[in-house]
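Here is a friendly walk through one protein chain, in questions and answers. Have the model open beside you as you read.

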Amino acid sequence: MKFNRLEIDDNNPKIKYISVKKYFNENGKINEEYVKKSFEFAYSMTFGSKGQHRSYRSGGRHRRKNGEIFANTFQGKLCEFAVYQTLNESHDINEPDLEVYELGKWDKYDFKIDDLITSIKSTKYFGQLLLLETKDWTLDAEYIPNNNEHYDITIMVRLEDEIEQTMKRNRLYYSQMCDKTKLWNKFKSNSWAFDIPGYLTYDDLKYLINNKFIINRGDLLNGRTKMDAQNYYCHIADMRNILDLEKNNE
């Protein structure tokens, strides 16, 4: 495996650029049933006040509003269902957890695919990096918030429909309260196309951490996106093909 580092601007070392790209290639569309389940979960964890997610990223300073957390949570759960929908006929895999947790408590892992403890990471359709907050990980690639558990594989999923932009367009992204029916009406007609561009093994992630594939807080990604927290990174184009996972589990 070869992992490319971000390119550094010679005139300003805080500016980093994507080195290699892998463009969105639709693998399918998320089933309507799973979309509704994901929406209900995200609403309960935010506007519905039945559960709670952190308002900040590890090592970050920005305090997120409910609308921001909803967008992140909705996207993340949709992408978990995208993996479940894709692999459930060929692998032993559990349906995504929909239990609503209080702050500081959550499911220990997203999936167990066959015998592989699995984490799902999500981004928008144009995303080119897997980003993991450095303060959440040990040097042995153990996830600190889950009692230093490690993941056998980390799967990346990209979602075509932009939840964040829909929230911003309707002036809901920075809101603390929102009517559930009003919010659902903004999303119920979306098509929810996704792709699964790749995955990392535990050893891959440990290599990235120990070789300091890091983008720092305050760095400008592609010269315009200011990083709120320090992250480990991996180019999506450098990740393993999801079809290789199928071969390895035959």
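Q: Which elements do the buried residues of H1 pack against?
A: This is a predicted model, so the places named here are read from predicted coordinates. In helix H1, Tyr-34, Val-35, Ser-38, Phe-39, Phe-41, Ala-42, Tyr-43 and Ser-44 are buried. The elements that these buried residues pack against are H2 and helix H4 (180-185).

Q: How far does helix H1 reach from its first C-alpha to its last?
A: H1 covers residues 32-44, which makes 13 residues. At 1.5 Å a residue the expected reach is 18 Å, and the model comes close to that. From first C-alpha to last, H1 reaches 18 Å.

Q: How many residues of H2 are buried?
A: Helix H2 runs over residues 66-87. It has 22 residues and reaches 32 Å from its first C-alpha to its last, close to the 32 Å expected. H2 is mostly covered, and its buried residues number 20 of 22.

Q: How many aromatic pairs are there in the model?
A: Rings of Phe, Tyr and Trp pair if their centres lie within 6.5 Å. By this rule, the count of aromatic pairs is 23.

Q: What is the angle between the ring planes of Tyr-43 and Phe-47?
A: Both residues of this aromatic pair, Tyr-43 and Phe-47, are buried. Their rings lie 5.7 Å apart, centre to centre. The pair is tilted, and the angle between the planes is 40°.

Q: Are Phe-70 and Phe-74 stacked, edge-to-face or tilted, and which value places them there?
A: Both residues lie in H2, 4 residues apart, about one turn of the helix. Their ring centres are 5.4 Å apart. Planes under 30 degrees apart would count as stacked and over 60 as edge-to-face, so this pair is tilted. The value that places it there is 40°.

Q: Is Phe-70 buried or exposed?
A: Buried means under 20% relative accessible area. Phe-70 has 0% relative accessibility, and therefore counts as buried. Its ring partner Phe-74 also has 0%, so Phe-74, too, is buried.

Q: Which residues do ring pairs link into a cluster with Tyr-43?
A: The pair of Tyr-43 and Phe-47 belongs to this cluster, and so does the pair of Phe-70 and Phe-74. The residues linked with Tyr-43 are Phe-39, Phe-47, Phe-70, Phe-74, Trp-184, Phe-187 and Trp-192.

Q: What phi does Trp-192 have?
A: Trp-192 lies in the loop between H4 and E10. At 2% relative accessibility it counts as buried. Although Trp-192 is not a glycine, its phi is positive, at about 60°.

Q: Where is Ala-141 found?
A: Ala-141 is not a glycine, yet it has a positive phi of about 60°. It is buried, because its relative accessible area is 1%. Its place is the loop between strand E6 (129-133) and strand E7 (142-143).

Q: Which ring does the charged end of Lys-77 sit over?
A: Two charges over rings are worth finding in the viewer. Arg-5 lies over the face of Phe-213, 3.9 Å from the ring centre. The charged end of Lys-77 is 4.4 Å from the centre of its ring, which belongs to Phe-41.

Q: Why is strand E9 largely enclosed by the rest of the structure?
A: In a regular strand the side chains alternate between the two faces of the sheet. In E9, Ile-153, Ile-155, Val-157 and Leu-159 point one way, while Thr-154, Met-156 and Arg-158 point the other way, and all are buried. E9 is largely enclosed because its buried residues number 7 of 7.

Q: What is the bridge partner of Arg-158 in E10?
A: E9 is joined to strand E5 (residues 116-124) by 7 bridges, running parallel, and Ser-122 has Val-157 as its partner in E9. With strand E10 (residues 193-201), E9 runs antiparallel, joined by 6 bridges. There, the bridge partner of Arg-158 is Asp-195.

Q: How far apart are the C-alpha atoms of Met-227 and Ile-215?
A: Met-227 is found in the loop between strand E13 (225-226) and strand E14 (231-235). It is buried, with a relative accessible area of 9%, and its contacts include Leu-131, Ile-215 and Leu-221. Met-227 and Ile-215 are 12 residues apart along the chain, and their C-alpha atoms are separated by 7.9 Å.

Methods. Residues numbered from 1 in each chain as written. Predicted model: local features only at pLDDT ≥ 70, side-chain atom pairs only at ≥ 80, totals over all residues. Heavy atoms only, no water. Phe/Tyr/Trp six-rings, centres within 6.5 Å; stacked < 30°, edge-to-face > 60°. Buried < 20%, exposed > 50% of the residue type's maximum accessible area, 1.4 Å probe, protein only. Helix = DSSP H or I, 4+ residues; strand = E, 2+ residues; numbered from the N terminus. Lys NZ or Arg CZ within 6 Å of the ring centre and 35° of its normal. Expected span 1.5 Å × (residues − 1). Contact = heavy atoms within 4.5 Å. Pairing = 2+ DSSP bridges. Lists of a residue's contacts leave out its neighbours within four places in sequence.
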